[in-house]
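User: Could you take a close look at one part of this model and walk me through how it fits together? I'd like the local detail first, and then the framework around it.

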Amino acid sequence: MKNILLIGGSYGIGFAIAKEVQEGNNVFVASRTNDNLSDLNVTYLPFDASTDALDTSKLPEIIDGLVYCPGSINLRPFRGLKPEAFEQDLQINFINLVKVIQAVLPNLTASNQSSIVLFSSVAASMGMPFHTSVAAAKGAIEGFAKALAAEYAPKIRVNVIAPSLTDTPLAEKFLSNDDKKEKSAQRHPLKRVGTSDDMAQMASFLLSEKSSWISGQIFHVDGGMSTLLVNG
């Protein structure tokens with residue numbers, strides 16, 4: 001039985017991961033709200049990654065898995081973006097992540113082999129218009145993850161999931177009607193947008209012993225967008 005800490009887990013991808021890994025594990029969900037968590041076998045810890053310091057006294061001494069879910073989708077033309085927008089995206093996606101990992105590093109290194117799962121975006125590897133801010137922040141995560149994986153191998157494994165557009169509350173404005181959903185689906189070789197369950201199943205695998213020889217990798221769970229050319 002593993003001790004798994006999810007940062008952000010009351011909705012979207014984090015909630016799907018909580019559902020996926022709750023059986024057979026001790027799961028701690030640190031998030032701003034406990035919405036939707038009442039029916040899950042998890043321990044809720046009030047925590048806002050943007051303002052709070054993580055209270056590690058409420059966590060077990062050993063953490064076998066850590067997933068950091070908070071992120072942003074800030075899509076605007078570069079000419080209209082102020083430096084503050086880049087700073088905000090970097091803070092939400094990357095700096096707050098670093099603070100969390102540093103806070104629980106002793107717990108992670110106390111495990112025989114712990115696993116950290118982070119989230120990037122297909123935009124970090126593909127040149128996509130209006131993605132300069134979020135792509136920069138997610139690119140920081142990918143570089144950081146590889147360096148951290150090298151520094152802490154074999155004690156800690158670090159891997160990244162890089163989704164394309166996924167049907168979550170965060171992406172609601174991009175998928176707010178059937179026409180938007182269909183257009184988004186057609187942009188992907190597999191002809192649909194991602195779901196929270198798609199990401200949760202990959203995260204569950206990376207947290208498990210089945211991935212014990214995998215570290216420093218970026219997994220593009222993106223319907224083929226990053227590598228396949230759509231016909232027509």
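Analyst: Contact here means heavy atoms within 4.5 Å. Let's start with serine 10 and work outwards. This is a predicted model, so local features need pLDDT of at least 70 and side-chain atom pairs count only at pLDDT 80 or more, while totals for chains, interfaces and linings use all residues. Residues are numbered from 1 along each chain as its sequence is written, and side-chain values use heavy atoms, with hydrogens and water left out.

Serine 10 sits in the loop between β1 and α1 (helices, H or I of at least four residues, and strands, E of at least two, are DSSP runs numbered from the N terminus). What does serine 10 touch once its neighbours within four places in sequence are left aside? The list is Phe15, Val29, Ser31, Thr33, Asn34, Asp35, Asn36 and Leu37. One of these, threonine 33, also makes a polar contact of 3.3 Å with serine 10, side chain to side chain (a pair of N or O atoms within 3.5 Å, where one must be able to donate a hydrogen and the other to accept it, and residues adjacent in sequence count only if both atoms are side-chain atoms). Is serine 10 buried or exposed? The relative accessible area of serine 10 is 4%, so this residue is buried (under 20%; exposed is over 50% and partly exposed in between, with a 1.4 Å probe and protein chains only).

Now step back along the chain to β1. Six of the six residues of β1 are buried, leaving this strand mostly covered. That holds for the side chains pointing one way, Lys2, Ile4 and Leu6, and for Asn3, Leu5 and Ile7, which point the other way. In general, side chains in a regular strand alternate between the two faces of the sheet.

β1 has a partner on either hand. It runs parallel to β4, joined by four bridges (strands pair if DSSP finds at least two bridges between them), and there leucine 5 has leucine 66 of β4 as its bridge partner. Six bridges link β1 to β2, again in parallel, with isoleucine 4 bridged to valine 27 of β2. To get from β1 to β2 the chain passes through α1, and this β-α-β crossover is right-handed (with the strands pointing away from the viewer, the path from the first strand over the helix to the second runs clockwise).

Valine 27 turns up again one strand further on, standing opposite valine 42 in β3. Helix α1 (residues 12-21) packs on the sheet, where it touches β1 (2-7), β2, β4 (65-68) and β5 (114-119), and its direction makes about 165 degrees with that of β1 (axes are lines fitted to C-alpha atoms, for helices over the stretch in contact, and angles run from 0 to 180 degrees between N-to-C directions). As for β2 (residues 25-31) and β3, five bridges hold them together in parallel.

On the other hand of β1, β4 carries the sheet on to β5. These two strands pair in the parallel sense over three bridges, with valine 67 opposite valine 117 of β5. The route from β4 to β5 goes through α2, and this β-α-β crossover is right-handed too.

How many of the six residues of β5 are buried? Six of the six are, so β5 is largely enclosed by the rest of the structure. Both of its faces are covered: Ser114, Ile116 and Leu118 are buried on one side, and Ser115, Val117 and Phe119 on the other. Next to β5 comes β6, paired in the parallel sense over six bridges. Serine 114 has isoleucine 156 of β6 as its bridge partner. Here the chain travels from β5 through α3 to β6 in another right-handed β-α-β crossover. Helix α3 (residues 132-152) lies across β5, β6 (156-161) and β9, running at about 160 degrees to β6.

Put together, this is an open sheet of seven strands with parallel pairing, in the order β3-β2-β1-β4-β5-β6-β9. Its edges are β3 (42-46) and β9 (218-219), each of which pairs on one side only. And serine 10, where we began, is in the loop that follows on from β1 towards α1.
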